[in-house]
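Work through the exercises below with the sequence and the 3D view open. Each task is followed by a solution in steps.

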Amino acid sequence: MATPSQWIAGARPRTLPAAVVPVAVGTGVAIGDGGAVWWRALLALFVALALQIGVNYSNDYSDGVRGTDDQRVGPMRLVGSGAAAPRQVLAAALGCFAAAAVAGLVLVVVTRAWWLLAVGALAIAAAWFYTGGSRPYGYRALGELSVFVFFGLVATAGTTFVQLERLSWTALVASVPVGLLACAMLVINNLRDITTDGPAGKRTMAVVLGDSRTRVLYTLCLVLPLAVALVMAVWRPFAALAILSAPLAIAPVLFVGRGVTGRALIATLQQTGRFQLAFGLLFTAGLAL
């Protein structure tokens, strides 16, 4: 039986900024437009966190039973390490998805936007089939695209929508840097595991692009959000506040540029999360003003 600390580690708390930032930014847009509804924002945050933790447990289960994690160099996995039985981790993943579905259903009912049911179903399906099922798309270099769509476009614009009850172009544009930073977390993860994922048959974007191009992709995922924030300052001047987070991007970019590999990249994952969170909070404040 896994200990509580092992279950917390299996939830991968360092990846949770990918769930927090889009909800914060979407709420910042809603505040700026004078239509923030705090309980809906909190419910959207619960949905995002439940999906993020659910996909982490789902990946733990699916990669564990396939044997992909047998030579893992990253953080501990529950199934791969033998700390928890596969059925327990599967139950945890399904429980998180169910909790996200219930909370999401409340938002659908109060907004009466029934088409959100389809969006929610697609989000849960994307979370499961990333590494689950017989043909997981995460093994076919499509993980970054899915993260950009669901933890960028959908989560950010969706959070604004459930508060304003209308689509917002500002939220859609703001979702681009949010999605890129979420992708950066996955890219650095896959760069770290590139030497083990390939032999295990897991063709991530990093495996397809190769080491050097993946490092370029990672750098772009950190630099382009700053450029988008500057562009948005044309109509939301305080969006430029996000530029104050730029110093936090220097260390991970330089670290990755030096060609660091394997376990040493775990520190870069932490640095990426700090930059993502700082950018997100400053961007949120700027959009709200």
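**Exercise 1. A pair within one helix**

Task: In this predicted model, decide whether aspartate 211 is buried or partly exposed, and then examine its salt bridge with arginine 215.

Solution.
Step 1. Aspartate 211 has a relative accessibility of 32% and counts as partly exposed, because the partly exposed class lies between 20% and 50%.
Step 2. Arginine 215 has a relative accessibility of 8%, so arginine 215 counts as buried.
Step 3. The N to O distance between the two side chains is 2.6 Å. A salt bridge needs a nitrogen within 4 Å of a carboxyl oxygen, so the pair qualifies.
Step 4. Both residues belong to helix H11 (residues 211-232), where they are four residues apart, or about one helical turn. In general, an α-helix has 3.6 residues a turn, so residues three or four places apart point the same way.

**Exercise 2. A pair between two loops**

Task: Find where arginine 166 and aspartate 33 lie, and state how accessible arginine 166 and aspartate 33 are.

Solution.
Step 1. The closest N and O atoms of arginine 166 and aspartate 33 are 3.7 Å apart, and the two residues form a salt bridge.
Step 2. Arginine 166 is in the loop between helix H7 (143-164) and helix H8 (169-192), while aspartate 33 is in the loop between helix H2 (17-32) and helix H3 (38-66). The pair thus links parts of the chain that are 133 residues apart.
Step 3. Arginine 166 is partly exposed at 40% relative accessible area, and aspartate 33 is partly exposed at 30%.
Step 4. A network of salt bridges links Asp33, Arg166 and Arg236.

**Exercise 3. The helix before aspartate 33**

Task: Compare the span of H2 with its expected value, and say how many of its residues are buried.

Solution.
Step 1. H2 has 16 residues. The expected span is 1.5 Å times one less than the number of residues, and for H2 this is given as 22 Å.
Step 2. From first C-alpha to last, H2 reaches 22 Å, close to the expected value.
Step 3. Of the 16 residues in H2, 13 are buried, and the helix is mostly covered.
Step 4. Glycine 34, which follows H2, has a positive phi near 75°.

**Exercise 4. Aromatic pairs on H3**

Task: Classify the geometry of the pair tryptophan 7 and tyrosine 57, then that of tyrosine 61 and tryptophan 128.

Solution.
Step 1. The whole structure holds six aromatic pairs. In one of them, tryptophan 7 and tyrosine 57 are 5.6 Å centre to centre with 80° between the planes. Planes over 60 degrees apart count as edge-to-face, so this pair is edge-to-face.
Step 2. Tryptophan 7 is in helix H1 (residues 4-10) and tyrosine 57 in helix H3, 50 residues apart. Tryptophan 7 is buried at 19%, and tyrosine 57 is buried at 8%.
Step 3. The ring centres of tyrosine 61 and tryptophan 128 are 6.3 Å apart, and their planes meet at 25°, so this pair is stacked.
Step 4. Tyrosine 61 is in helix H3 and tryptophan 128 in helix H6 (residues 116-129), so the pair ties together parts 67 residues apart in sequence.
Step 5. Tyrosine 61 counts as buried at 19%, whereas tryptophan 128 is partly exposed at 21%.

Definitions and conventions:
Residues are numbered from 1 along each chain as its sequence is written. This is a predicted model: local features need pLDDT of at least 70, side-chain atom pairs count only at pLDDT 80 or more; totals for chains, interfaces and linings use all residues. Side-chain values use heavy atoms; hydrogens and water are left out. Buried means under 20% relative accessible area, exposed over 50%, partly exposed in between (1.4 Å probe, protein chains only). Rings of Phe, Tyr and Trp (its six-membered ring) pair if their centres lie within 6.5 Å; planes under 30 degrees apart count as stacked, over 60 as edge-to-face and the rest as tilted.
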